[in-house]
Amino acid sequence: MTRISVVTGANQGLGFALAEGLAHRAAPSDVVYLTGRDAGRVADAAARIDHDAIRTHVLDVSDAHSVASFADDLRERHGGVDVVLSNAAARLTPGAPWSDQVGPFVATNNLGTTHVLRAFTPLLRPGGALLVVASSFGTVRQLPHHLHERFAARSLDDVDATMLAWRDAVLDGTATDQGWPDWINIPSKVGQVAAVRAVAAERRDADAATGTLIAAVCPGLVDTDASRPWFSDMSGAASPAEAAKPVLDLALGARRPEHYGELVQFGRVLRWS
């Protein structure tokens with residue numbers, strides 16, 4: 001059966017490597033959708049891969065309508081999807097005030113993640129995989145204990161409400177007094193993993209019966225334009241292609257029940273709390 005794959009944020013860095021890796025592992029009839037917000041960059045990325053499996057789509061994950069419309073298109077064209085790699089992320093700029101960055105950061109990294117989960121989990125075919133690229137920072141162990149209960153989410157709406165309340169606290173200057181970490185990447189990553197856990201809690205039994213995987217993944221430190229400004233020593237960082245391999249192995253390989261709904265790094269589950 002033809003495998004239909006989607007990668008968000010795929011015009012550069014890890015997302016590009018994931019799309020390229022899927023294309024290289026594709027059968028002749030498989031399709032890999034390389035997506036991103038900028039039409040020119042998406043087209044350039046597809047040209048660099050230069051593979052028959054690659055198709056392009058301009059997609060802004062921060063726009064719920066854009067994501068839902070794309071999902072509807074895929075349902076009409078293919079009847080479903082087999083692999084979704086949710087990788088789109090906004091960058092952070094060292095030295096710029098968090099209040100200037102938190103709005104677009106949450107819109108892309110957090111609301112973008114929940115938009116993808118809402119739109120694409122209903123399309124997943126039996127045995128498929130939806131993976132959200134997150135980080136080892138995405139566990140509540142990175143937060144003060146009194147904030148843990150805010151991520152005991154029952155639904156994606158709960159997660160969105162928590163992230164928007166945190167965003168507003170950053171904007172009005174009360175986040176530090178509430179105990180939130182200063183680096184806004186940490187609460188954002190926790191929110192991404194919490195969103196995965198909320199969806200997995202609803203789908204676990206049905207997905208277990210079909211071998212379908214929903215999980216978050218930590219690719220480790222990756223040498224990209226987004227990460228270089230934050231680390232003085234990148235000698236231990238993986239290239240995007242190196243970092244993509246274990247993510248692709250997880251998406252396309254045999255299912256391990258302990259991975260379902262969890263944050264996985266190099267095949268190992270990172271403890272939530």
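Which residues does Ser135 touch, not counting residues up to four places away in sequence? In this predicted model, the partners are Lys189, Val217, Cys218 and Leu263. Ser135 sits in the loop between β5 (124–133) and α5. The residue is buried, at a relative accessible area of 10%. Its side chain also reaches the backbone nitrogen of Phe137, at 3.0 Å.

Follow the chain from that loop into α5. This helix covers residues 156–172, 17 residues in total. From first C-alpha to last, α5 reaches 24 Å, close to the 24 Å expected at 1.5 Å a residue. Look at where the helix begins. There, a side-chain oxygen of Ser155 comes to within 3.3 Å of the backbone nitrogen of Asp157. Now look past the other end. Gly173 follows α5, and its phi is positive, near 80°.

Which residues of α5 are buried? They are Leu156, Val159, Asp160, Thr162, Met163, Trp166, Ala169 and Val170. An α-helix has 3.6 residues a turn, so residues three or four places apart point the same way. The cover over the buried residues of α5 includes α4 (98–120), α6 (175–178) and α7 (185–210).

Take α4 from that list. The axes of α4 and α5 lie 9 Å apart, and the two helices pack at an angle of about 175°. Angles over 145 degrees count as roughly antiparallel, so α4 is roughly antiparallel to α5. On the α4 side, the contact is made by Trp98, Ser99, Val102, Gly103, Val106, Asn110, Leu111, Thr114, Leu117 and Arg118. On the α5 side, Leu156, Asp157, Asp160, Met163, Leu164, Trp166, Arg167, Val170 and Leu171 meet them. By type, the residues of this contact divide into 11 nonpolar, 4 polar and 4 charged. Several buried residues of α5 take part, among them Leu156, Asp160, Met163, Trp166 and Val170.

Ala169 gives another view of α5. This residue lies in the helix and counts as buried, at 2% relative accessibility. Setting aside residues up to four places away in sequence, Ala169 touches Thr174, Ala175 and Gln178. Ala175 and Gln178 belong to the stretch of α6, one of the elements that cover α5. A little further along is Trp180, 11 residues from Ala169 along the chain. The C-alpha atoms of Ala169 and Trp180 are separated by 9.2 Å.

Next, go back to the start of the chain. Is Thr8 buried or exposed? Thr8 counts as buried, because its relative accessibility is 1% and the cut-off for buried is under 20%. Thr8 is placed in the loop between β1 (4–7) and α1 (13–24). Beyond its neighbours up to four places away in sequence, Thr8 touches Thr35, Leu59, Val61, Leu85, Ser86, Asn87, Ala88 and Val116. With Asn87 there is also a polar link: the side chain of Thr8 reaches the backbone nitrogen of Asn87 at 2.8 Å.

Strand β3 (residues 54–58) holds Val58. Val58 is partly exposed, with a relative accessible area of 43%. Its contacts, not counting residues up to four places away in sequence, are Gly36, Arg37, Ala39 and Ser66. Ala39 is 19 residues away along the chain, yet the two C-alpha atoms are separated by 5.7 Å.

After β3 comes the loop that leads to α3 (64–78), and Ser62 is in this loop. Ser62 counts as partly exposed, at 26% relative accessibility. Its side chain makes a polar contact with the side chain of Asp60, at 2.6 Å. Leaving aside neighbours within four places in sequence, Ser62 is in contact with Ala107, Thr108, Gly112 and His115. Those four partners fall within the residue range of α4, 98–120. Glu149 lies 87 residues from Ser62 in sequence and 26 Å away in space, C-alpha to C-alpha.

Finally, consider two backbone details. Asp50 has a positive phi of about 50°, although it is not a glycine. Asp50 is in the loop between α2 (39–49) and β3, and counts as exposed at 67% relative accessibility. Phe266 also has a positive phi, near 55°, and is a residue other than glycine. Phe266 sits in the loop between β7 (263–265) and β8 (268–270). Phe266 is exposed, with a relative accessible area of 57%.

Definitions and conventions:
Residues are numbered from 1 along each chain as its sequence is written. This is a predicted model: local features need pLDDT of at least 70, side-chain atom pairs count only at pLDDT 80 or more; totals for chains, interfaces and linings use all residues. Side-chain values use heavy atoms; hydrogens and water are left out. The expected span of a helix is 1.5 Å times one less than its number of residues. Buried means under 20% relative accessible area, exposed over 50%, partly exposed in between (1.4 Å probe, protein chains only). Contact means heavy atoms within 4.5 Å. A polar contact is a pair of N or O atoms within 3.5 Å; within protein, one must be able to donate a hydrogen and the other to accept it, and residues adjacent in sequence count only if both atoms are side-chain atoms. Axes are lines fitted to C-alpha atoms, for helices over the stretch in contact, and angles run from 0 to 180 degrees between N-to-C directions. Angles under 35 degrees count as roughly parallel, over 145 as roughly antiparallel, 65 to 115 as roughly perpendicular and the rest as oblique. Ala, Val, Leu, Ile, Met, Phe, Trp, Tyr, Cys and Pro count as nonpolar, Asp, Glu, Lys and Arg as charged, and the others, Gly among them, as polar.
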